[in-house]
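Grab a pencil and open the viewer. Here are a few short exercises, each with a worked solution.

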Amino acid sequence: KMSMHLYEMSSKLIGDTVGKVHDNLTTVVLAASFITLSLGYISKLLLSQPCLKDAQKYPPYIPSSIPFLGHAISFGKSPIEFLENAYEKYGPVFSFTMVGNTFTYLLGSEATLLFNSRNEDLNAEDVYSRLTTPVFGKGVAYDVPNPIFLEQKKMLKTGLNIARFKEHVKIIEAETREYFQRWGDSGERNLFEALSELIILTASSCLHGREIRSLLDERVAQLYADLDGGFTHAAWLLPGWLPLPSFRKRDRAHQEIKNIFFKVIQKRRKSGENTDDILQTLIDATYKDGRPLSDNEIAGMLIGLLLAGQHTSSTTSWMGFFLARDQAVQERCYAEQKAVCGQDLPPLTFDQLKELSLLERCLKETLRLRPPIMTMMRMARSPQTAAGYTIPVGHQVCVSPTVNHRLYDAWEQRLEFQPDRYLHDNPAAGEKFAYIPFGAGRHRCIGENFAYVQIKTIWSTLLRMYQFDLADGYFPSINYTTMIHTPHNPVIRYKRRSE
Ligand code: HEM
């Protein structure tokens with residue numbers, strides 16, 4: 001209790017300071033280090049680990065000379081390097097402290113524990129809800145007991161079916177052509193910015209339906225951006241009642257978007273029209289006990305769909321830079337368009353999309369090297385065992401796709417972009433969970449197929465329009481300050497194809 005109080009107190013001080021600056025991890029961490037150093041000694045005592053019975057032992061603990069803050073600064077600067085160094089020194093299971101929280105990572109096949117555990121033991125709500133509930137709203141996702149969320153996931157999954165994907169391909173191709181008209185014949189532009197905007201449009205068309213897409217103007221786009229701005233390290237680390245500007249913007253945007261969605265949902269309910277889209281699937285859906293979704297639940301799920309789709313804009317951009325750097329693969333992808341779809345490149349279809357296997361391997365390889373979710377997390381609510389260690393209650397247990405996707409023992413030429421590695425059976429040397437961009441187990445992603453349709457359609461369209469190149473050889477470094485690791489200064493060079 002007391003340590004919690006101490007945490008809140010120091011967090012409040014941190015929050016007041018950073019509210020005036022920015023909400024990114026570095027400022028949060030620097031402000032925190034300044035303020036909490038003096039509280040360090042007490043907190044170290046309070047947060048020190050409880051004693052175990054003789055036969056049990058805790059995972060190796062990475063010591064830090066900085067009290068309370070612990071490894072936040074070095075981890076924040078370069079998380080992957082930090083975890084890889086720790087793996088080498090301590091093995092696949094280890095713990096360390098950041099900002100008063102103790103994290104235990106399960107690397108390599110030790111990830112099994114997290115994926116196979118029950119939600120009551122390794123709990124997702126405890127770690128995600130403070131981030132997601134203010135954005136999605138109450139009644140959905142991590143705000144409800146997991147069995148209810150599982151039912152909601154099932155409803156969404158029903159809505160994401162092949163008949164819909166066939167329509168989505170046409171919609172996404174048209175949106176992409178329309179959006180990129182503004183790029184003209186050649187130039188250098190910010191690819192990530194463009195794809196983020198485009199993907200809001202495509203996700204809204206495909207996942208929200210015609211009515212909501214038609215309301216999407218610059219003002220609504222700004223509301224989405226403010227909501228998305230709720231996903232920050234600050235929102236995750238600091239208490240929600242803090243008067244941060246980004247929190248206020250997020251909450252206002254949430255309410256405004258909900259109001260827009262409510263009107264559309266009510267109109268659709270009244271119209272009696274039988275439109276075949278995901279909104280209709282949700283309106284018609286019922287829980288196992290027969291209860292239909294409320295307008296509030298539907299609106300929350302629509303927000304969730306849109307923002308979950310935002311992961312895809314990072315991946316889609318990274319794919320562009322990998323293709324721009326590897327001209328040979330880019331040309332093979334273009335040739336594949338002609339070979340699969342026809343020399344005159346007619347409008348894309350879902351069936352053709354499935355046959356674009358090189359493009360698919362490029363996407364798969366991009367998701368290996370740049371998975372948008374760097375860490376999946378759970379709260380240990382009961383003691384857990386991994387690699388012979390006992391993980392105590394209160395540790396935040398983590399699995400990192402990024403680290404598993406580049407394990408020395410599993411992946412050959414682990415840091416190279418080699419889409420053809422998937423032509424061979426067993427590219428990851430049989431290592432379990434060496435490839436987990438969409439997670440596994442009960443929390444696994446339901447958006448994988450839609451993401452593949454969306455990204456493959458966008459890149460098919462872009463490869464037909466342009467030839468891409470790095471601008472003066474610049475390949476973006478990874479921006480770790482954002483929750484989803486985006487490309488830093490993501491400017492790309494492009495030239496219209498003449499054939
Ligand atoms: C490239 C795109 C995407 C990637 C890499 C991705 C990745 C992930 C990962 C790693 C998880 C597991 C999280 C955990 O275990 O803690 C997850 C869960 C989920 N994703 Fe995605 N996702 C993507 C796109 C989408 C899209 C487009 C949607 C919606 C249409 C979506 C909806 C969900 C949902 C509902 C969950 C379930 C969370 C849970 O049960 O706790 N995702 N995703």
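**Exercise 1.** How many residues in the lining of the largest cavity are nonpolar, how many polar and how many charged?

*Solution.* First, some ground rules: this is a predicted model, where local features need pLDDT of at least 70, side-chain atom pairs count only at pLDDT 80 or more, and totals for chains, interfaces and linings use all residues. Residues are numbered from 1 along each chain as its sequence is written, and side-chain values use heavy atoms, with hydrogens and water left out.

Step 1: list the lining, which is Ile 80, Leu 369, Arg 370, Pro 371, Thr 402, Arg 406, Ile 478, Tyr 480 and His 485. Lining residues have an atom within 4 Å of a cavity point, and a cavity is a set of points on a 1 Å grid over the protein atoms alone where a 1.4 Å probe fits but cannot get out.

Step 2: sort them. Ala, Val, Leu, Ile, Met, Phe, Trp, Tyr, Cys and Pro count as nonpolar, Asp, Glu, Lys and Arg as charged, and the others, Gly among them, as polar. You end up with five nonpolar, two polar and two charged.

Step 3: check the volume, meaning the space filled by probe spheres set on the points. The largest cavity holds about 60 Å³, and the structure has one cavity of 30 Å³ or more.

**Exercise 2.** Take Thr 402 from that lining. Is Thr 402 buried or exposed, and what is Thr 402 in contact with beyond its neighbours within four places in sequence?

*Solution.* Step 1: find Thr 402 in helix α21, residues 401–404. Helices here are DSSP runs (H or I, at least four residues).

Step 2: read its relative accessibility. Thr 402 counts as buried because the value is 6%; buried means under 20%, exposed over 50% and partly exposed in between, with a 1.4 Å probe and protein chains only.

Step 3: look for contacts (heavy atoms within 4.5 Å). With those sequence neighbours set aside, you should find Ile 80, Pro 371 and Met 374.

**Exercise 3.** Where is Cys 445 found, and what does UniProt place there?

*Solution.* Step 1: go to the loop between α21 and α22 (448–465), where Cys 445 sits.

Step 2: check the record. An unreviewed UniProt entry puts a "binding site" feature at Cys 445, though such annotations may be inferred rather than shown by experiment.

Step 3: add the accessibility, 32%, so Cys 445 counts as partly exposed.

Definitions and conventions: Helices (H or I, at least four residues) and strands (E, at least two) are DSSP runs, numbered from the N terminus. On a 1 Å grid over the protein atoms alone, a cavity is a set of points where a 1.4 Å probe fits but cannot get out, and a pocket is an open set with protein on both sides within 12 Å along at least five of seven lines; lining residues have an atom within 4 Å of a point.
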